[in-house]
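Trainee: I would like to learn how to read a model of this kind step by step, beginning with the chain as a whole and ending with a single residue. Could we take the features in that order?

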Amino acid sequence: MSLLASLTSPLASAPRRRAAGLIAGLMVLGASPWAQAQTAAPAVAFPTKPVRIITPFPVGGGPDGVARLVADKLSRMWGQPVVVENRPGGNGFIAIDAFKRGANDGHDLIQLDNVHIAAYPHLFKKLPYDLEKDFDVILPLFRAYFFVTTGVQSPYKNVGALIADAKANPGKLNYGSWSVGNPVHLGSALLESMTGTDMVHVVYKETTQLYTGVANGELSFALGTSATAGPLQRAGKLRFLAVAAPKRLANFPDVPTVSESGGPAGYEVTGWNAIAAPKGVSPAVAEKIKRDVEKALNEPDVKEKFASFGYENFPTTRESFKQFMDSESTRFAAVIKKAGASLD
């Protein structure tokens, strides 16, 4: 005889029959602890149409490559096309404007650079977006550490020698980047601040021109990632003096950290990207996007491509990522204030 049958038999006591009724009622309602533990979260009806990832980066660069890798994986998971739409230029504001005019239900996403999130709010007097009101920043896509690069004909064989020359000759050495307020500019300004040196910032239109300028001696140095400066380094035209990271990178074991190369301790420069949905998107949709993008980033071929770019993903909870973004904002604010940088 089953447990329920024994409890409800005519011979059972009244308390036992009441207990049996409670158990039966819970079973009917699906509210037993066992049933609740086995109940899966309801499926989210997303996406129901093609998804667009808008990116401020041009075709062919490392960030664009990451966006396309993720888009391909998501297309397969979701059974809907996920397309990458490149809107470069204008400090990323062109892409942001397109995003703000797009779908607000998660079918339009945007790839944001760390400067859009942590630096520009301190750099620009007026921005065409509000970080808190326009974006739900869901998760980071990757992080990259920057190398201190010089031309192979440069007299500097380590960071210590470069800094010593900069101290001895204020205003003589120069470094480059592709705009005011990007990680390369602000990271170089941070090096000036930490070493008490005075160097000249030179702006180039494109990254290819920038690193060619380093290679041919127009610039004393520039910061660059493996994805941006790597091609000329592998071609034997650039030298990686050091990496601005807390430890040596696995793919570059012979490149010392900045502190190991005679530079200041604790000097780190990273670039990172994140994926964002419109503010107010359904929490269930945001969680699905986060879960599926994380799954895509952990695919072996994506990890292999990241390694070739010199990128790493850093899985995190939404709360800890929010804390990370806040700390980055504080760090950029201090660098920008020290550099006296400001844009209209």
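Mentor: Let us begin with contacts, where a contact means heavy atoms within 4.5 Å. In this predicted model, residues 24 or more positions apart account for 75% of the contacts in the chain that have a separation of 6 or more. The chain has 14 helices and 11 strands, and buried residues make up 48% of its 344 residues.

Trainee: What is the mean pLDDT of the chain, and over which residues does pLDDT stay under 50?

Mentor: The general idea is that where pLDDT is low, the predicted coordinates should not be read in detail. Here the mean pLDDT of the chain is 88, and 88% of the residues reach 70 or more. Over residues 1–40, however, pLDDT stays under 50, and for that stretch the model has 19 contacts beyond four places in sequence.

Trainee: In what order do the strands of the sheet of 6 strands come, and which strands stand at its edges?

Mentor: As a general idea, in a regular strand the side chains alternate between the two faces of the sheet. In this case the 6 strands form an open sheet with the order 2-1-3-10-4-11 and mixed pairing. Strand 2 and strand 11 (311–312) stand at the edges with a single partner strand each, so one side of each is left without a neighbour in the sheet. Strand 4 and strand 10 (residues 270–278) pair in the antiparallel sense over 9 bridges, with P140 opposite A274 in strand 10, while 2 bridges join strand 4 to strand 11, also in an antiparallel arrangement. There A144 stands opposite Y311.

Trainee: Is strand 4 enclosed or open to its surroundings?

Mentor: Strand 4 is largely enclosed by the rest of the structure, because 11 of its 11 residues are buried. Helix 12 (residues 283–297) lies across strand 3 (108–113) and strand 4 (135–145), and runs at about 15° to strand 4.

Trainee: How is the sheet of 3 strands arranged?

Mentor: That sheet is open, has the order 8-5-9 and is paired in the antiparallel sense. Strand 8 (222–224) and strand 9 (238–243) each have a single partner strand and stand at the edges, so one side of each lacks a neighbour in the sheet. From one strand to the next the twist averages 40°. Strand 5 (residues 147–151) pairs with strand 9 over 5 bridges, and V148 has A242 in strand 9 as its bridge partner.

Trainee: At what angle do the axes of helix 4 and helix 13 cross?

Mentor: Two packed helices are described by the angle between their axes and the distance between the axes. The axes of helix 4 (residues 62–78) and helix 13 (residues 300–309) come within 11 Å and cross at roughly 180°, and the two helices are therefore roughly antiparallel to each other. G62, V66, L69 and K73 in helix 4 meet D301, V302, K305, F306 and F309 in helix 13.

Trainee: To finish with one residue, is N86 buried or exposed?

Mentor: Buried means under 20% relative accessible area, and N86 is buried because its value is 18%. N86 is found in strand 2 (residues 82–86), which pairs with strand 1 (residues 51–55) in the parallel sense over 5 bridges, and N86 is the bridge partner of T55. The side chain of N86 makes a polar contact with the side chain of R68 (2.6 Å), and one of its polar atoms lies 2.8 Å from the backbone oxygen of F57.

Key: Residues numbered from 1 in each chain as written. Predicted model: local features only at pLDDT ≥ 70, side-chain atom pairs only at ≥ 80, totals over all residues. Heavy atoms only, no water. Helix = DSSP H or I, 4+ residues; strand = E, 2+ residues; numbered from the N terminus. Buried < 20%, exposed > 50% of the residue type's maximum accessible area, 1.4 Å probe, protein only. Polar contact = N/O pair within 3.5 Å; in protein donor to acceptor, adjacent residues only side chain to side chain. pLDDT = per-residue confidence, 0-100. Pairing = 2+ DSSP bridges. Axes fitted to C-alpha atoms, helices over the stretch in contact; angles between N-to-C directions. Parallel < 35°, antiparallel > 145°, perpendicular 65-115°, else oblique.
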